Amino acid sequence: MTNHWIDLKNSDAIFIIGCNPAENHPISFKWIEKAMDDGGKLIVADPRYTRSASKADIYAQLRPGTDIAFLGGMINYALQNNMIHEEYVREYTNAAFIINEKFNFQDGLFCSFDDQEKSYDLKSWAYENDAAGNPKRDMSMKDPRCVYQLLKKHYSRYDADMVCSITGTKKEDFLKVAKTFCATGRADKAGTILYAMGITQSTHGTQNVRAVAMLQMLLGNIGIAGGGVNALRGESNVQGSTDYGLLFNSLPGYLKLPEFANTDFKAYIEKYTPKTKDAKSANWWGNTPKYITSLLKAWYGDNATPENDFCYNYLPKWSSNYSYSKIIERMGKGEVEGLVCMGMNPAMGGPDSNSARGALDKLKWLVTVDLWQTETSIFWKRPGVNPKDIHTEVFMLPAASSVEKEGSISNSGRWAQWRYKAVEPVGESKSDLWIINQFFKRVQALYTKDKGVFPEPITKLAWNYGDGHEPDVHLVAKEINGYFTKDTTIVDKDKTLEFKKGDQVPMFKYLQADGSTTSGCWIYCGSYTKEGNQMARRDASDPTGLGLFPKWSWCWPLNRRIIYNRASVTPDGAPFNPKRPVIAWDALEKKWKGDVPDGPWPPMKDAKEGKYPFIMLAEGHGRLYALDMKDGPFPEHYEPMESPARNQLSKVQNNPLVKIPANISSDLVKFPLIGTTYRMTEHWQTGGMTRSLPWLVELVPDMFVEISESLAKQKGIKKGDKVKVTTERGAIEAVALVTSRLKPFNVDGKSVEQVGMPWHFGYSGLAKGDSANLLTPTVGCANTNIPEFKAFLCNIEKGGTKA
Amino acid sequence: MSGGHIDFNKTKSFLIDTTKCTGCRGCQVACKQWNQLKAEKTVFFSGEGYQNPPAMSEYTFTRIKFRDYQKHGQNEFAFYKEMCMHCNEPACASVCPVGAFKKTAEGPVVYDEKRCIGCRFCMVACPFGIPKYEWSKAFPLVRKCTGCYSRVKEGLQPACATACPTAITYGNRADMLQEAERRIKSRPDRYFQAIYGKEEAGGTSVLYLTHQPLDELGFKQVTKRPLPSYTWQALRLVPGIFLGVGGTLSAITWFQHRKERIRREEEFKNSRVKPEQKEEDQ
Amino acid sequence: MTAAKLVINEIKGYHRFIQLMIALTGVGALAALARFIFGLGVTTNLNDTYPWGLWISFDVVTSVPLAAGAFTIGVVAHVFHIKKLEPLVRPAIITGFLGYSLVCIGLLLDLGQPQRGINVLLYWNVHSPMFEVSMCIMAYTTVLTLEFLHPVAERFGWHLPLRLLRTLEIPFAILAAMISTLHQSTLGTFFLIAVDKLHNLWYNPLLPLQFWLSSIFTGLSIVIFEASLVHKYMGQPDESDLLATLTKIIPWVMGVYIAVKAYALAFLSHGPLFDRPVLLALFLVEMVIGVFVPFCMYLTNRIRTDKKLQLRAASFVLFGLVLNRFNVSMFGMEQAGQQIYVPSVIESLVTMGIISAHILFFVLIAKYFPIFEHHPEATDYTIPDHFRKLEKGSEGLKAAHEA
Ligand SMILES: Nc1nc2c(c(=O)[nH]1)N[C@H]1C(S)=C(S)[C@@H](COP(=O)(O)OP(=O)(O)OC[C@H]3O[C@@H](n4cnc5c(=O)[nH]c(N)nc54)[C@H](O)[C@@H]3O)O[C@H]1N2
Ligand SMILES: Nc1nc2c(c(=O)[nH]1)N[C@H]1C(S)=C(S)[C@@H](COP(=O)(O)OP(=O)(O)OC[C@H]3O[C@@H](n4cnc5c(=O)[nH]c(N)nc54)[C@H](O)[C@@H]3O)O[C@H]1N2
Ligand code: SF4
Ligand code: SF4
Ligand code: SF4
Ligand code: SF4
Ligand code: SF4
Ligand SMILES: [Mo]
């Protein structure tokens, strides 16, 4: 989230697209309701009429996988009707930037597409630079090659009729949504967009998110209170996981994991430290050397010296795609010997689970670290296999649950909240930290004893979390924050600061590239300082009245509650909306008031020191036109991999960057219906956490599918009937819930039905049922590989699989 | 019955705004957890939407009812929390022969299971069908929402109210009423213009606001008069009737027997037979 | 010979019908036992929608007015001092005594916590109709027990108690009427709380009055019913002349009842009356067959004096009453669209057992105690040491005088 949960209350219009917060983030509604009490409008766009939709002022039904069409239509609506926040767009986004001449877009493809490699040459989309090396701009935004004009042209094709013909939305509903939300394009209005898996789980998921961001930039909604691009993160600490480098190609703090070729530290730094010639651009990533060095110092301690490039060579370098699907693919080929599943249930969670389950058969050993017995830990006795045929050795380690251990959890709003241990772990279960600590110590002992090909990355690690039975989680937190490795003097403007060796670094501004500081995750620098554990703060004061609660827990970066907040003020530093000022420049005191600003510099207009608001980008401006997206600078509508319709906007049916895998079928005779999967309040994910709890099983005891009344009639299905759902990948049995909340879509003049299903059921636990992921396709987003769980083709018949 | 005089303005009350209820059922589960109630065995859904279990019971003190229908071509997906209304003048308490139910000054209508003889009159009497019976047991007791009295007494809010992200506000009845009035007045498009529980059954400690008309959501239409008054109008006559009947019958007896005696005396005068024997005959 | 054998031999000598009653009572007792072992939930079809079923509707709500003969005839005989009706008093008291004892048993079966029944005496709630009824039933059962001691004392020749009881006869009759008035009517008050549940055909504030009035004419009718049957099947003396007197009283009460009911329906109901066809039919059956028909019958002199037709009219009244009490306590409480309650086998067996026990004990008491023989004018209570039955009615009386 650019903003945070409580900030939702400041919105004039809340646009929920591709998520269902009433069901999946119930507490969010506390703040959504608050906004509505103050006159805010709630808009929901979802294929189904959900519990969130039931609270909305406006509901628009849209076909799974067509969000770009919908959002593109809104962008077009805002542009055509002059509803954008013009000053914001001109000053703070790259709307005025001129794009090089090579760029063009034709027939659904951007320039420089390599049909063989299925890739674009990103350089062909670059800005046109002036003599000084800075991008050229036309502040009147009239130049036909400026982003604004290109944008306008691109989305002019997304008129309401076209949009609705693609999305299946009723035109009046679409227009209502567009009109209501685009009304927040005024300086004194704030609109927020909430999204999650309905947006991301798509072969063009990242472009969906971009479309959200672009709309928000056009409306001047980023950086302001009640605005923002707000991803409702999923698993309780998934924000923390991503911050600490969850993805295979990233290191903690969103630093890049070196690629195979980056064997040299200096070359690595050179490559991943963006540069700018524009003095007004803060270009924060310019600090990359400080952060990567501090990270290496945190990991290798005294072993990391300038001479040995701070042990840079010990870092793994990635050579190919290690995303979840690829790992499973390799496992299926027998290329993976052992697997540790720590709080994950791959027999259930990934697409085409049958193949994942089959892949587990090929393992020599499997370790599951979980609160429960899961489908993964009993994969060898799943329905349809003979345990005798499976030779995998399985170790089940019982893990302590979140209330049985101390530590931090980072929520969607980037708040790191410290939690205390409430009860002793049940039975023999241990905290994950304890388990990892044991793992490490034993592996390290083995490497020390037996050496091996390349033992140093393990043997040289600095691993000092106390000698107690349980590693000291505070030492971990302090290491993450970082400390000085020697006595240091820092001159910060007019102040001179003295630090002793071992002092906690107060903020990431003071991290150094010379090895004098450590930081396990630079964005968390400041979370555990001399003043103590900032994450454990519980002061409920709210001086601004905006719900920032600056002294409640701690929020990265630097306790800044709303990021890009420099965009909430005019170039002079006056809040766009004086009624809800996030920050405001006090010209007398020469300082910012309100939230922690995005950098200490004076307002942008200040000739000497002023800076652009989007400090994480080299050009300092929000990107309406992207430079580094694999699949195009503007989001373009393509159909999902399995689609019931042809692409009405161009001849390119699917995202051209995504290879079509084997088990995909667009045979509309066999599979005429749209299948989609989702969550519901009563169950959690793959169900381990909830299908074993009788109170929750009582609420939703069976795997079910939701279908429309018309489809039910057509198939002779009644509520409560057993049905069978099939796709190219498999078949499942479920109970039919016939409801008017699901309706067919009118796509390209034809009616298309949908089958909705939760994916919480499996063969372990108290309540069992078929898993929806037996049906889903293994195909993912061009940029992130996230699987397309939300739109595929299927069929439904009366009678179960056993019938 | 209520112990002494209770100021109903100050009794703690629930304001349940169903327009803000997301049907998350956190309240339903929180109630089970706080009261350590057994889960019910359910199959599929037993009602509209995702509704479960089929009814409130000895194991379920509160439940979200789902409505899933269409009106003028628009979907309605509505949720409402069923629970004891904690009536100001509870029918359950008034009919209980042993006074096992009691309206507390804090608000909750509480149950003293040590008194209960298990006659189930409370179940018959409750206009909202709240008290449930332990049908599974050989010597059953009555079960219903306790209003989380043990929490409320200690200054906490009920478990369900604490769990609810959006819809439940808890506080003094007068304040809750005021807040409810404010809401329906300030957003007439959002609210059906009625506060269920304000006057129902003579006023309750659970107040509801809805968007849909009450009957569409399945709210029971209930008399506005306190229910105990219906029986009391008859029962209050008891002493009078008791003495009245006694007095009347005594008078009639005296009169009838006097008639008889007079008749006898006449007879005696006329016949002049031995008087002692006549007397003995009586 | 053991006592058990004696008993068995004695039973062997009974009529087949009585043996059947013993068997049914035994089955009922077993069924009652099952209720305590397995619980109400398993053994009955009661549930949260139907917390009260057959046992409350019949064993309590209906049995009580059916046992009203005792107080009504007591009032008629003692208070209004219609002495010739005194022979009807004792059987009525026995019926009442048995009736109320069995009501108590029925209630105990139905209670979830019968062992705590005493709590009613410990924790008073004067606002509860149930409290009132419980107190009344306890008090009244005591009175009835004392009254029942009358033939017992007579049978065993206990003089002092007998005298005491005789002196208290009139106060007891009055007390019985006072108590009965209260609880007979309060059974109606029970349902006044069910404002939005009991259908308007029956719900009105005068329900307690209606219950009381109907218990009076039912009480008198049951006396007729019983005496006729006893005469027919147990060879007891024909009391139809005495009964004819009662039949003159009944229509008065019924008339008032009809008037009250009509008034209440016309002016005091607060909702639609004709919205539920089945309930309307039940109401009409109850009113026509159970009230209007016997009312007219009792008004006709020929019927009043005809043994057979007396019985028939009384039967109609009883039918009407039973239906009325079921209408109020069960059928009329059913909400539209609600699933329908049918008593379980065990519930039915228990109720059958209770009815059988009633008949059985009545017959046995009549067999071993001076119940029907009791024509006070024909008993000599004058001699302190022993009393004896005098020869035939007033002739006997004369003989006593002469002695
Ligand atoms: N109770 C509960 N809460 C949870 C979870 C849980 O399992 N249970 N999981 C957590 C996790 S890990 C996550 S990631 C989040 C996910 O939270 P959400 O994203 O809210 O979860 P979903 O239900 O998968 O998808 C949201 C909605 O997207 C709609 N949808 C499907 N396809 C499309 C589409 O193409 N476009 C649009 N606009 N909408 C579409 C679905 O109908 C659904 O209502 O929830 C978290 N919260
Ligand atoms: N069809 C379909 N499939 C989907 C999705 C979808 O929308 N549709 N959504 C996807 C999404 S967004 C996600 S996030 C994934 C989730 O997929 P998974 O992460 O595989 O699923 P979870 O059930 O969340 O697994 C988490 C496990 O961690 C255990 N656990 C809980 N707390 C702890 C702890 O403290 N320590 C340890 N060691 N274990 C713990 C739980 O018991 C549980 O078994 O599924 C994806 N799969
Ligand atoms: S489940 Fe937990 S994290 Fe999710 S909304 Fe509820 S309280 Fe928040
Ligand atoms: S709702 Fe029913 S159980 Fe609750 S206090 Fe009122 S009468 Fe009693
Ligand atoms: S069942 Fe218990 S609480 Fe209910 S009325 Fe009877 S004694 Fe009172
Ligand atoms: S007040 Fe307490 S007992 Fe009543 S519903 Fe809420 S949680 Fe359950
Ligand atoms: S917890 Fe609140 S919002 Fe959730 S179902 Fe209950 S009343 Fe509704
Ligand atoms: Mo997720």
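Student: What classes of residue make up the shell around ligand 5?

Tutor: Sorting the neighbours of a ligand by class gives a quick feel for its surroundings. In this predicted model, the shell around ligand 5 has twelve nonpolar residues, one polar and one charged. Cysteine counts as nonpolar in that sorting, and cysteines turn up among the nearest neighbours: of the 14 residues around ligand 5, the ones that come nearest are Cys96(B), Cys116(B), Cys119(B), Arg120(B) and Cys122(B).

Student: Which residues sit around ligand 7?

Tutor: Try reading that list in stretches along chain B. One stretch holds Cys21(B), Thr22(B), Gly23(B), Cys24(B), Arg25(B), Gly26(B) and Cys27(B). Then there are Ile64(B), Cys164(B), Pro165(B), Thr166(B) and Ala167(B). By class, that shell has seven nonpolar, four polar and one charged residues.

Student: And ligand 2, which residues come nearest there?

Tutor: Now we move to chain A. Of the 27 residues around ligand 2, the nearest are Glu235(A), Gly349(A), Asp370(A), Thr686(A) and Asn773(A). The classes in this shell are eleven nonpolar, ten polar and six charged residues.

Student: What distances should I look at between ligand 2 and the side chains?

Tutor: Look for pairs of N or O atoms; the cut-off for a polar contact is 3.5 Å. In the side chain of Thr686(A), an N or O atom is 2.6 Å from an oxygen atom of ligand 2. Lys790(A) also has a side-chain N or O atom 3.0 Å from an oxygen of the ligand. With Arg679(A), the partner is a nitrogen atom of ligand 2, and a polar side-chain atom lies 2.8 Å from it. As for cover, ligand 2 taken alone exposes 910 Å², and the protein buries 87% of that.

Student: Why do you say ligand 2 lies between two domains?

Tutor: Check which domains supply the shell. Domain 2 (324-459) and domain 3 (673-798) of chain A both give residues to it, so ligand 2 lies between them.

Student: How is chain A divided, then?

Tutor: The assignment gives domain 1 (5-231), domain 2 (324-459) and domain 3 (673-798). Take domains 1 and 3 of chain A: their C-alpha centres are 29 Å apart. Their contact uses 26 residues from domain 1 and 29 residues from domain 3.

Student: How much area do those two domains bury, and which residues of domain 1 lose the most?

Tutor: Between them, domain 1 and domain 3 of chain A bury about 2200 Å², with 53% of it on carbon and sulfur atoms. On the domain 1 side, Arg48(A), Gln201(A) and Thr203(A) lose the most area to domain 3, together 29% of what that side buries. Arg48(A) shows up again in a salt bridge with Glu706(A), at 3.2 Å from N to O. The count between these two domains is two salt bridges, and there are ten residue pairs in polar contact across their interface.

Student: Let's zoom out to whole chains. Which chains share the most contacts?

Tutor: Of the two pairs of chains in contact, that is chains B and C. Their contact takes 60 residues from chain C and 58 residues from chain B. They bury about 5100 Å² between them, 65% of it on carbon and sulfur atoms. In chain C, Asp48(C), His127(C) and Ile193(C) lose the most area to chain B, together 15% of what that side buries.

Student: How many salt bridges cross between chains C and B?

Tutor: Just count the oppositely charged side-chain partners: there is one salt bridge here. Asp110(C) and Arg120(B) meet in a salt bridge at 2.6 Å, N to O. You've seen Arg120(B) before, among the residues nearest to ligand 5. The interface also has 30 residue pairs in polar contact.

Student: What does the interface of chains B and A look like?

Tutor: Here 38 residues of chain B are in contact with 39 residues of chain A. The buried area is about 3100 Å², and carbon and sulfur atoms give 55% of it. In chain B, Phe44(B), Tyr50(B) and Asn75(B) lose the most area to chain A, together 23% of what that side buries. Seven salt bridges cross this interface, including Lys20(B) with Asp37(A), whose closest N and O atoms are 2.5 Å apart.

Student: And where does that leave chains A and C?

Tutor: No contact joins them, and their closest C-alpha atoms lie 19 Å apart.

Technical notes: Residues numbered from 1 in each chain as written. Chains lettered and ligands numbered in written order. Predicted model: local features only at pLDDT ≥ 70, side-chain atom pairs only at ≥ 80, totals over all residues. Heavy atoms only, no water. Near = heavy atom within 4 Å. Polar contact = N/O pair within 3.5 Å; in protein donor to acceptor, adjacent residues only side chain to side chain. Areas by Shrake-Rupley, 256 points an atom, 1.4 Å probe, with all protein chains shown as cover. Domains from an automatic or database assignment. Contact = heavy atoms within 4.5 Å. Buried area = accessible area lost by both parts, 1.4 Å probe. Salt bridge = Lys/Arg side-chain N within 4 Å of Asp/Glu carboxyl O.
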